[in-house]
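Please examine the sequence and the model shown below. The paragraphs that follow lead from single residues to the interior, the loops and the charged pairs.

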Amino acid sequence: MIRELSIGQDQEVGDGTTGVVVLAGSLLEQAEKLIQRGIHPSRICEGFEHANDICMSYLEEIAESMGENIEILPCLLAAASTAVNSKVINRSKKRLAEICTKAVLAVSDLDRRDVNLDLIKIDGKVGGTLENTCLVNGVVIDKEFSHHQMPKEIKDARICILSSPLEPPKSKTKQKIEIETVEKYKDLELAEKNFFKDMISQIKNSGANFLICQWGFDDEGNHLLLRNKIPAVRWVSGSELELLAISTGAHISPRFNEITTSSLGFAGKIREITIGTDQERILVIEDGSQVKSVTIFVRGGSQLVINEAKRAIWDALCAIRNLIRDNRILTGGGSCEMACSIKISNQSENLEGYSPIETLSNLQVKQTVEGSPYFGIGCRGKMVSDLRKDRIFETLISKQQQFQAVIQM
């Protein structure tokens, strides 16, 4: 249950998963003590709910809004730094907080108070240090050009995104082709070449100068792309295709006959860069023509460090997003919890609880004077009342069984 509570906090807010677990554990610990003192669980839950109502109103009362007496940008940086501070990689919290703040502001619509975190891609490579983490104004793909002789940088790219393989069509059923003569083999080879030429010509006629393919293509297709001066990338994941389509304005074409000029996307620059001494290459697609998208490229000495950094970055992104959606802030370090505790303690002095002796005496007098067996103590109040009006019932068979079982024990 605690685990699901933390998952729900992460899905709803994105930050505060540790705090909600600690708070839930403390409440359960206190609830156990109250149960041992004979207090019914329903009354404990009512008390918790009443205390929660007090906390909600008091937190809104002590919250301050950004932009009134507090500068917005330093406050966003502070919120991101606070979210990162509790993680393992807190030594680089200043650098990561600046990157996260810039990334969220790049994809946010401040007028509508809307932030689409799907436009922020978090990627990483082992090597370097956390200080080498950088923000890329575009999309980073962990791929390289399909042929080593293709240009390593393309400016004013017209991008064609293809979700079908660059190869001749294949039958979906099992088939067997018998080639008995050399002429038939040459005819088959010619037909395959024509298929490839038609595919390449459709891409080239559309005006595309860069191809991104979700599937692969063989050496024949790769060679034809090189000869026609169309740099290409293959085996790109579906999620990256969608992000590229949103960023560049391209349409994902499932068939070659749907490739047209209007289906192309545009980017200011595409470049292939090398990382580390192992000659690992990645593609950077920058300055898309449509929606702004960015990539946080994480570096670290091990995969464990990179994973921890990604987790911390996600919490910081969510904290900044929450501030943009609702610009009211509170102080951390346990100050809010202590303030709410004091507020609840002050409120509790004005509350009246049950007096067992007085309540039972009133119940006995009420049933005796009224001559009615239907008067009892309501669960939702402190007064003795007619429980038929409150619609509080129990079954006859249940009560009879209780009496019989106790007597026979």
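In this predicted model, setting aside neighbours within four places in sequence, D315 is in contact with G14, D15, A83 and K87. The residue itself belongs to helix α9, which covers residues 303-325. Is D315 buried or exposed? Its relative accessibility is 6%, and because buried means under 20%, D315 counts as buried.

Helix α9 also has a part in the interior of the model. The largest nonpolar core has 73 residues, and among those with the most contacts inside it are I120, I159, F210, I285 and L317. Which helix gives the most to this core? It is α9, with 11 residues. In soluble globular proteins, nonpolar side chains tend to be buried together.

One member of the core, I285, may be followed further. Apart from residues up to four places away in sequence, I285 is in contact with N137, G138, V139, I141, I159, F210, I212, L244, A267, K269 and I270. Of these partners, I159, F210 and I270 are also listed with I285 among the residues with the most contacts inside the largest core. A second, separate core of six residues includes V140, I275, V284 and F297.

Strand β8, residues 210-213, holds C213. The relative accessible area of C213 is 0%, so this residue is buried. Its contacts, not counting residues up to four places away in sequence, are L162, S164, P165, L166, V233, R234, W235 and V236. A position far from C213 in the model can also be named: the C-alpha atoms of C213 and E60 are separated by 51 Å, and the two residues are 153 residues apart along the chain.

W235, one of the residues that C213 touches, deserves attention for its backbone. W235 has a positive phi of about 60° although it is not a glycine. Its place is in the loop between β9 and α8, the latter being residues 238-248. K229 likewise has a positive phi of about 60° without being a glycine. K229 is found in the loop between α7 (219-227) and β9 (232-233). Is K229 buried or exposed? With a relative accessibility of 71%, K229 counts as exposed, because exposed means over 50%.

A positive phi also occurs at a glycine: G371, just after α11, has a value of about 65°. Helix α11 itself allows a simple check of geometry. How far apart should the ends of this helix be? At 1.5 Å a residue, its 15 residues (356-370) should span 21 Å, and the end C-alpha atoms are indeed 21 Å apart, so expectation and model agree. The calculation uses one less than the number of residues.

On the surface, I177, I179, Y185 and L188 make a nonpolar patch of about 400 Å². Of these residues, Y185 is found in helix α6, residues 182-205.

The charged side chains complete the picture. How many salt bridges does the structure hold? There are 16. One of them joins the side chains of R112 and D114, at 3.8 Å from N to O. R112 counts as exposed, at 58% relative accessibility, whereas D114, at 30%, counts as partly exposed.

Another salt bridge is formed by the side chains of K125 and D142, at 3.1 Å from N to O. K125 lies in strand β4 (residues 120-126) and D142 in the loop between β6 (138-141) and β7 (153-162), so the pair ties together parts that are 17 residues apart in sequence. K125 has a relative accessible area of 14% and is therefore buried, while D142, at 37% relative accessibility, counts as partly exposed.

The salt bridge between the side chains of R281 and E144 has an N to O distance of 3.8 Å. Why does this pair tie together parts that are 137 residues apart in sequence? R281 lies in strand β12 (residues 280-288), whereas E144 lies in the loop between β6 and β7. Both residues are partly exposed: R281 has a relative accessibility of 30%, and E144 has a relative accessible area of 42%. E144 and R281 also belong, with K152 and E272, to one network joined by salt bridges that share partners.

Notes:
Residues are numbered from 1 along each chain as its sequence is written. This is a predicted model: local features need pLDDT of at least 70, side-chain atom pairs count only at pLDDT 80 or more; totals for chains, interfaces and linings use all residues. Side-chain values use heavy atoms; hydrogens and water are left out. Helices (H or I, at least four residues) and strands (E, at least two) are DSSP runs, numbered from the N terminus. Buried means under 20% relative accessible area, exposed over 50%, partly exposed in between (1.4 Å probe, protein chains only). Contact means heavy atoms within 4.5 Å. Patches are made of residues with over 30% relative accessible area and no salt bridge: like charges are joined within 9 Å, nonpolar side chains (Val, Leu, Ile, Met, Phe, Trp, Tyr) within 5 Å. Accessible areas come from the Shrake-Rupley method with a 1.4 Å probe; for residues, only the protein chains shown count as cover. A salt bridge is a side-chain nitrogen of Lys or Arg within 4 Å of a carboxyl oxygen of Asp or Glu. A nonpolar core is a set of buried Ala, Val, Leu, Ile, Met, Phe, Trp, Tyr and Cys residues joined through side-chain atoms within 4.5 Å.
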